Every structure is written in C-alpha cells, then in structure tokens.
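Dear colleague,

Here is the structure for you to look through. What I found in it follows below.

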Amino acid sequence: RPQGTSIIIKSGEGDKSWDSSNYNMAIVRENERFLDDHAINNPTSSFFSFLSLGAIHAPHTPPHNFVDGTKVKGTHGSNELDVLYELDLVVGSVISSLKKRDLLNNTLVIFLSDNGGDKRNGNLKGSKGSIWEGGNVVPFIMQYGDKFPVGATRNQLVGITDLYATLAEFAGIEVPKNQAKDSSSLLKSIYDPSESVRKNFSVFNYNYKELRSNASYYDKYGQQPKEQSIRTARHKLIYNTKYNFVMMFDLVKDPSETNEICLQEIKTCKQLFKLLVKKGPCKLNQGNWCPGKCDNDHDFRYKNFSKLNCSWIASGTSTEVIKKRCGFKAKYSPKKKRYRNNFPLSNPVRDYCRKTCGFCSSAGNIIPRIGPDRSNSNVAMLPID
C-alpha cells in the first residue's frame with residue numbers, strides 16, 4: 001500500500017503507478033537484503049554498497065512513517081523538511097544495520113551530495129548547476145570504525161572525482177594507466193592533516209539545458225563549456241566562456257563571492273587564468289572561443305553598436321560590467337557579409353574589444369586596466385606572463 005502521497009510530475013521521475021514516497025525506504029530495505037545475502041554467501045569477502053537516495057530531491061513526498069514506525073510526514077513544517085528528516089533516519093538506519101551485523105568497525109562509510117542545493121546554501125552564492133560555490137560545495141563525511149580520527153575535520157580541496165583514487169588505494173587496487181586523471185586519493189590527508197590532496201581544483205559547467213538551443217557553443221571540436229573555474233585554497237577564478245570575461249575572488253575573506261578582485265591582484269589572476277586554460281578543454285582543442293583564437297572568428301560576441309566606443313566600455317561601474325560590454329554577440333548577416341548597423345567583415349567590434357578587454361588578442365592578452373578618469377586613453381592590455 002502507499003507509504004504517503006506519491007507525486008510523479010513528469011516523465012523520468014518514475015511510472016505513474018510507482019510510489020515516490022517509498023523511494024528512500026525501498027533503498028533501505030534493499031540494502032538490508034544485500035547485507036544479509038553477503039553474510040550468508042560471501043562472509044569473508046569485501047562488499048560495496050552504493051545508496052543513491054531520492055532525498056532531498058523533488059518531488060518532496062515524505063512517507064507517513066519510516067521503516068521502524070517513526071513518524072515523518074508533518075513533523076517539520078513542510079514536505080521538503082520532512083524529507084530532509086527522513087534522510088537523517090536513513091543514515092541512522094544504515095549505520096545501525098552495519099552495527100547489528102558487526103560490520104561497522106570494518107566498513108568505510110562515506111556520506112556526500114552530488115551538488116549544492118537548489119535553493120538554500122547558507123551564505124554561499126549560487127545554486128545547483130551554477131559555477132558559484134553554492135552549486136559545488138557539499139558535505140563530505142567519512143567514517144571507518146576507530147581507524148580514522150573521530151570528530152576530525154580537514155580543510156582540503158577535494159571533489160567527488162577523488163573517490164575513485166581514494167577507494168582504489170583503500171582496496172589496494174592499482175589505478176589503470178591513463179585512467180582517472182582527475183582523481184586524487186584522500187587517504188594520506190585523513191591520517192595527516194599536513195598532507196595536501198591537490199593544489200587546485202577545476203569545474204567546467206556545460207549547462208546542457210541552455211546549450212542545446214544555442215548552436216554558438218558548438219564548433220568542430222564539439223560542445224564547449226559555458227563557464228569554467230579554477231580555485232586554490234584561497235582564490236577562485238571564473239572564466240565566463242559565454243560572455244568572455246574573467247572574475248576572481250578571495251574565498252578566505254569573501255566566501256560569498258561578492259567582491260571581485262582580479263584587477264587588485266592581477267598577478268594571481270593571470271597565473272590562475274593561464275593554468276585554467278592549460279588544464280581545460282583548450283588544452284586539447286583550438287576552438288575559436290579559446291583565448292588567443294578569436295581573430296578569425298567573424299561571430300565574436302558583442303552588442304550595443306550605437307554606443308560602440310572605448311569611453312562607453314570603460315564607463316562601466318565595475319570590472320564585471322566592463323567585461324560584459326566586451327562580450328556580447330555581434331549580429332552577422334551571411335547574405336550581406338556584414339554586421340548589422342553596416343559594420344564590415346573586418347569587424348571593428350572585435351578591434352574595440354581587444355583594445356579594452358584585450359581578451360581575444362592573438363598574443364593572449366587579458367584583463368583591462370582602467371585609469372582613474374575611466375577614459376579610453378587610460379586603457380591598457382596586460383599580457384599573460
């Protein structure tokens with residue numbers, strides 16, 4: 001019988017006859033059967049159990065009661081928070097199942113989420129699917145009986161991709177050559193906080209829903225990312241491929257990513273940008289959108305032709321505004337072989353953008369330097385060195 005009120009909103013969420021309120025409890029019961037089967041048929045072998053829960057993803061359909069009879073629905077003021085409470089009960093049930101079978105002290109338990117929340121991420125900017133910290137920072141908890149330090153925390157740059165190398169080392173399995181290149185083991189840092197897992201971490205956001213209807217993000221090399229980021233223990237640089245601008249933040253002082261500091265710390269900004277280009281898709285392809293590859297791209301991004309001048313560009317109220325003005329898409333007419341507003345194929349749009357942003361210069365120049373009076377005479381390009 002139904003465990004609660006089931007909701008199937010659209011295809012892909014399950015058959016109409018499926019009970020969405022039973023999702024998490026079904027996984028709990030299946031895990032119990034798996035552990036029992038293991039104890040009977042393979043008691044001396046290792047096991048791997050991956051529990052991909054529905055909580056707290058929509059639709060939020062909490063059961064009336066949990067497996068053990070604990071009341072769930074109506075306990076925390078909303079269906080969403082009730083499902084979050086059910087998640088707590090699931091974790092507790094899994095731990096109890098291992099303890100009851102005398103497996104807890106010899107089992108590595110890992111709890112984490114695959115992305116940031118869709119709505120609530122505390123003081124972190126952005127949400128699921130974004131390049132901001134709110135879309136990528138998640139809880140990551142590991143327990144291995146009394147073998148891991150209890151109650152300890154680690155301030156390390158790690159990602160879900162690092163689970164591959166971590167579990168391989170944990171199980172004594174060698175990672176095949178040229179596989180899992182973006183994975184680093186966490187084990188050393190667990191036993192010794194001074195051990196570093198990685199110096200930097202990159203994120204490449206393809207945002208498929210938007211890109212499917214925007215062919216300009218495809219070239220002969222295939223689909224390209226909308227935005228990219230690279231972060232160290234302190235700094236994070238974002239390269240917006242869509243609008244061709246760069247931003248940098250100090251996450252120690254500014255975890256909410258509200259104060260853009262690229263021009264203030266230009267040396268660090270250039271170093272991180274250069275490293276991101278080296279690590280990202282441009283390492284393997286030479287798409288027109290890659291830095292230094294825009295000169296032969298007649299479809300370079302720009303807009304506001306009636307205000308096309310350096311003074312207007314430099315008058316932006318912030319670095320981000322200036323870079324956005326250098327980044328919108330020019331409207332090109334293949335039939336007339338001209339840009340709208342009678343701009344010729346030679347594209348002075350790009351020339352102005354190169355003078356102000358320096359972002360698509362063949363020399364690889366980036367970032368504008370705007371003088372105190374914010375006039376075009378004070379615009380300079382800074383090369384990557």
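In the protein chain, 56% of the contacts with a separation of 6 or more are between residues 24 or more positions apart. Please keep in mind that this is a predicted model. The chain has 9 helices and 12 strands. Of its 385 residues, 40% are buried. About 21,800 Å² of the protein chain is exposed, and carbon and sulfur atoms supply 51% of that area.

Cores

The largest nonpolar core consists of 11 residues: Ile230, Leu237, Tyr239, Val246, Met248, Ile261, Cys262, Cys269, Leu272, Phe273 and Leu276. At least two residues of this core come from each of β7 (235-240), β8 (245-250) and α6 (266-279). Helix α6 gives the largest share, with 4 residues. Another core, of 8 residues, lies apart from this one; Trp132, Val203, Phe249 and Leu251 are among its members.

Helix α2

With 22 residues, α2 spans 31 Å from its first C-alpha to its last, which is close to the 32 Å expected at 1.5 Å a residue. Its buried residues are Glu80, Asp82, Val83, Glu86, Leu87, Leu89, Val90, Ser93, Val94, Ser97 and Leu98. The cover over these buried residues includes α1 and β1 (109-112). Aspartate 102, just after α2, has a positive phi of about 60°.

Isoleucine 56 and the surface patch

Where does isoleucine 56 sit? Isoleucine 56 is in the loop between α1 (23-41) and α2 (79-100). Its relative accessibility is 34%, so it counts as partly exposed, a class that runs from 20% to 50%. Leaving out residues up to four places away in sequence, isoleucine 56 touches Glu80, Val83, Leu84 and Leu87. Glu80, Val83 and Leu87 are listed among the buried residues of α2. For one of these contacts, the C-alpha atoms of isoleucine 56 and valine 83 are 5.9 Å apart, although 27 residues separate the two along the chain. Isoleucine 56 also belongs to a nonpolar patch on the surface, together with Leu81 and Leu84. The accessible area of the three patch residues together is about 210 Å².

Two further residues

Is histidine 38 buried or exposed? Histidine 38 has a relative accessible area of 8%, and the limit for buried is under 20%, so this residue is buried. Histidine 38 is placed in helix α1. Beyond residues up to four places away in sequence, it touches Pro43, Ser45, Ser46 and Phe47.

Tyrosine 206 lies in the loop between β3 (201-205) and α5 (208-211). At 22% relative accessibility, tyrosine 206 is not under the 20% limit for buried and therefore counts as partly exposed. Which distance separates tyrosine 206 from proline 225 in space? From C-alpha to C-alpha, tyrosine 206 and proline 225 are 4.3 Å apart, with their positions 19 residues apart in sequence.

When you open the model, three places to look at are the core to which α6 gives 4 residues, the surface patch of Ile56, Leu81 and Leu84, and the cover that α1 and β1 help to provide for α2.

Regards

Methods: Residues are numbered from 1 along each chain as its sequence is written. This is a predicted model: local features need pLDDT of at least 70, side-chain atom pairs count only at pLDDT 80 or more; totals for chains, interfaces and linings use all residues. Side-chain values use heavy atoms; hydrogens and water are left out. A nonpolar core is a set of buried Ala, Val, Leu, Ile, Met, Phe, Trp, Tyr and Cys residues joined through side-chain atoms within 4.5 Å. Buried means under 20% relative accessible area, exposed over 50%, partly exposed in between (1.4 Å probe, protein chains only). Patches are made of residues with over 30% relative accessible area and no salt bridge: like charges are joined within 9 Å, nonpolar side chains (Val, Leu, Ile, Met, Phe, Trp, Tyr) within 5 Å. Accessible areas come from the Shrake-Rupley method with a 1.4 Å probe; for residues, only the protein chains shown count as cover. A salt bridge is a side-chain nitrogen of Lys or Arg within 4 Å of a carboxyl oxygen of Asp or Glu. The expected span of a helix is 1.5 Å times one less than its number of residues. Contact means heavy atoms within 4.5 Å.
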